[in-house]
Amino acid sequence: MKKKESLVLGSLITLGIVYGDIGTSPLYVMNALIGDAGDRNNLSPEYIIGSLSLIFWTLMIVTTIKYVLIALRASNKGEGGIFALYALVKKQTKWLIIPAIVGGAAILADGTLTPAVTVTSAVEGLKGIKIGKDILIGNQDQVIFVTIVILLFLFLIQRFGTNFIGKAFGPIMVIWFSFLAVFGILNMTSEWVVLRALSPFYGFTFLFSKANPVGIFILGSIFLATTGAEALYSDMGHVGRKNIYITWPFVFIALILNYFGQGAWLIQHSRLGNLPAKSINPFFDMLPANLRVGVVILATFAAIIASQALITGSFTLVEEAIGLKILPRLRVIHPSLSRGQIYIFPVNWMLAGCTTIIVLYFRSSEHMEAAYGLAITVTMLMTTILLYQFIKSRMSHIFAILITCIFLTIETIFFIASIVKFMHGGFVSVIITLIILLIMIVWFYGNRVQNNLMDESETVSLLDYRAQLIELSNDDSIPFFMSNLVMLAKVAKNYSIKREILYSILDKQPKRAKVYWFVTVNTTNEPYTSYYTVDMMGTRNIVNLQLFLGFKANHSVNLYLRQVVQELMDDDIIDEQPQKYTTLNKRIVGDFCFVLIQELLSPNSQIGAWRRFLITGRIFLQNHSTTPLQWFGLEFSDVRIEKVPLFLKRRRIPVLRQDVVFNPKKNK
């Protein structure tokens with residue numbers, strides 16, 4: 001019984017999180033196809049059936065076969081998306097990072113356009129509708145205002161997590177897809193001829209038919225029907241692969257029935273010659289007038305959920321990119337006990353800002369649709385390239401080539417058809433893609449170039465400096481710095497550590513302390529892990545402390561450190577630190593100072609302009625993303641930030657010689 005309840009709840013959450021984007025495509029796909037037809041006289045049965053056939057087979061081949069049946073198997077510890085796929089295949093060849101970052105940047109850029117187009121499309125359905133004697137939304141300015149309010153509300157609730165959102169939105173999506181199916185069937189009964197679209201023959205011949213005035217470029221509008229497929233893959237970590245397998249057949253059937261219902265309505269009314277005089281939106285026009293307001297409200301909720309799918313997918317992609325060192329470190333919050341449930345504050349509000357600007361710039365869903373889909377075709381192409389490596393590693397090489405060629409051919413045609421969108425607003429998503437791509441290139445290749453150029457002498461063994469640290473601690477000629485000097489630095493298993501850490505203690509200004517702490521913080525996959533290991537390295541005042549904290553555990557290092565100090569003193573591992581001046585009775589734990597190292601590229605580094613740009617850019621991003629103070633909860637602690645030069649391939653300085661123009665000895 002519990003298993004069935006869990007299955008139902010999981011399916012409900014999946015419907016509320018994953019399918020919003022692809023589930024709202026009936027709002028605007030047929031609209032875009034009507035626009036491609038140009039003259040209404042072109043809306044012939046051949047045009048409509050051909051379009052429906054292309055929609056059906058696009059959803060079948062791209063969404064169902066590629067993503068649901070193949071891509072979902074490419075799971076990296078339960079996570080999906082292009083970066084999870086890259087993590088699975090990256091060891092096969094180095095150049096795979098290129099399709100990974102290009103595709104990742106494109107889907108993140110698409111995440112700014114999807115909320116704008118879906119919510120605007122839904123709200124526009126209310127324009128001009130009377131409720132009683134009043135018109136709720138009378139003009140486009142009011143549409144824009146309501147759209148922005150809805151979007152800001154959506155971004156505000158992200159911090160509560162996708163589990164909360166899924167439970168709230170799941171029942172709405174059940175109603176939504178049921179509505180799509182029911183009204184699709186009701187309208188199909190008038191024109192069963194639309195069932196011919198199930199044959200690929202009608203779609204293929206339509207591409208080259210005289211009934212199609214735009215030729216192959218009609219695929220730019222057809223592609224809108226499958227734009228949510230990449231988000232479906234990205235959201236796998238939030239809901240699990242099994243739940244997507246269970247729910248997709250229901251979603252697929254509902255979508256197809258609704259598209260066919262819209263097509264049947266268009267065929268019937270074009271034959272009768274009574275198509276609406278003004279703009280046509282068959283999704284709303286095929287409904288009974290008394291249901292229009294309720295459906296628009298339902299469509300608005302569905303559009304909000306569509307935006308949700310892209311937002312949660314963006315969170316997942318960014319977290320994976322951080323783990324792969326493709327993006328700078330950002331603070332990731334886990335609202336629930338699931339590691340897959342995440343919230344990233346900067347990403348959330350950057351998406352909110354970009355989406356708002358897009359709504360204000362394009363102003364109508366018609367203009368947004370003209371720009372929509374270009375970036376996601378790039379992502380799909382890049383995913384296919386990576387999928388080839390995944391399939392090849394698990395199946396025969398010939399099968400991998402065959403499958404990849406089919407997908408690449410289809411998606412390349414979609415890409416070519418979508419290029420025309422560039423001048424109609426697609427340049428906006430391209431610009432956002434290029435900005436994100438630049439950040440990824442600078443961070444990833446900046447790290448790689450720095451590691452390649454870094455001298456092996458830049459890392460040292462902590463064991464080699466034990467004697468100096470003990471001597472410094474007991475040297476009364478050096479002013480006392482702090483009872484506990486804490487260096488937040490990764491100490492490897494072989495005790496290797498960056499030279500700059502010890503340079504800060506010994507060279508820059510000898511820092512005399514009673515205890516030297518070298519603290520490494522490790523994040524575990526369990527939500528509330530909290531344990532530590534201590535290695536005194538044969539001393540009483542040099543501590544190699546490894547903290548193991550769960551992804552939901554408090555990362556305030558100063559709080560844990562005081563507890564560790566007390567326990568080590570109780571076990572007589574380190575000496576007590578009695579304080580003469582204190583507000584506490586018998587205080588035996590001294591004061592703490594946390595030293596953080598901030599790297600700056602030395603002007604004495606002899607490297608080329610391009611490498612200098614990458615490394616300088618990486619350092620800039622590192623210093624302006626999440627600070628260690630926020631990451632380790634040190635906002636109220638005694639923290640010193642020291643700037644140290646980063647030397648890479650040091651420039652040879654010419655030897656100065658003394659010019660014997662003035663001889664001090666002779667002038668005496």
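Student: In which helix is the place of serine 11?

Tutor: The model is predicted: local features need pLDDT of at least 70, side-chain atom pairs count only at pLDDT 80 or more, and totals for chains, interfaces and linings use all residues. Residues are numbered from 1 along each chain as its sequence is written, and side-chain values use heavy atoms, with hydrogens and water left out. Helices (H or I, at least four residues) and strands (E, at least two) are DSSP runs numbered from the N terminus. Under that scheme serine 11 falls within residues 2-17, which form helix α1.

Student: Is serine 11 buried or exposed?

Tutor: The classes rest on relative accessible area: buried is under 20%, exposed is over 50%, and partly exposed lies in between (1.4 Å probe, protein chains only). With neighbours within four places in sequence left aside, serine 11 is in contact (heavy atoms within 4.5 Å) with Asn243, Ile246 and Thr247. Its relative accessibility is 12%, so serine 11 counts as buried.

Student: What is the relative accessibility of glycine 228?

Tutor: Glycine 228 occupies the loop between α10 (219-222) and α11 (229-234). Outside its neighbours within four places in sequence, Asp21 and Ile22 are in contact with glycine 228. Glycine 228 counts as buried, because its relative accessibility is 2%.

Student: How far apart in space are glycine 228 and isoleucine 376?

Tutor: Along the sequence, 148 residues separate glycine 228 from isoleucine 376. From C-alpha to C-alpha, the distance between these two residues is 9.1 Å.

Student: How are α7 and α16 oriented to each other, roughly parallel or roughly antiparallel?

Tutor: Two packed helices are described by the angle between their axes and the distance between the axes. Axes are lines fitted to C-alpha atoms, for helices over the stretch in contact, with angles from 0 to 180 degrees between N-to-C directions; under 35 degrees counts as roughly parallel, over 145 as roughly antiparallel, 65 to 115 as roughly perpendicular, and the rest as oblique. Helix α7 (residues 140-156) packs on helix α16 (residues 345-362) at about 170°, with the axes 10 Å apart. The two helices are therefore roughly antiparallel.

Student: Which residues of α16 make the contact?

Tutor: On the α7 side, the participants are Ile144, Thr147, Ile148, Leu151, Leu152, Phe155 and Leu156. Their counterparts on α16 are Asn348, Trp349, Leu351, Ala352, Thr355, Thr356, Val359 and Leu360.

Student: How many salt bridges does the structure hold?

Tutor: Side chains of opposite charge can pair when their charged atoms come close. A salt bridge requires a side-chain nitrogen of Lys or Arg within 4 Å of a carboxyl oxygen of Asp or Glu. By this criterion the number of salt bridges is four.

Student: Which arginine meets aspartate 476 in a salt bridge?

Tutor: The N to O distance in this salt bridge is 2.9 Å. The pair links distant parts of the chain, 36 residues apart: aspartate 476 is in the loop between α21 (466-473) and β4 (480-488), and its partner is in strand β6 (residues 512-524). Aspartate 476 is exposed at 64% relative accessible area. The partner counts as buried at 13% relative accessibility, and is arginine 512.

Student: Which residues are linked with Arg540 in a network of salt bridges?

Tutor: Arginine 540 meets aspartate 572 at 3.1 Å, N to O, a pair 32 residues apart that joins the loop between β7 (530-535) and β8 (542-550) to the loop between α23 (557-570) and β9 (592-601). Aspartate 575 also meets arginine 540, at 2.9 Å, N to O; aspartate 575 lies in the loop between α23 and β9, so this pair ties together parts 35 residues apart in sequence. Arginine 540 is partly exposed at 35% relative accessible area, as is aspartate 575 at 47%. The residues linked with Arg540 in the network are Asp572 and Asp575.

Student: What is the approximate phi of aspartate 572?

Tutor: Aspartate 572 is exposed, with 52% relative accessible area. Tyrosine 495, in the loop between β4 and β5 (496-498), has a positive phi near 70° and is not a glycine. Aspartate 572 is likewise not a glycine and has a positive phi, of about 55°.

Student: What does the count of disulfides come to?

Tutor: A disulfide is taken as a pair of cysteine sulfur atoms within 2.5 Å. Cysteine 354 is partly exposed at 29% relative accessible area, and cysteine 405 is partly exposed at 43%. By the distance rule, the disulfide count is zero.

Student: What percentage of the residues of the protein count as buried?

Tutor: The protein has 25 helices and ten strands. Among its 668 residues, the buried share is 56%.
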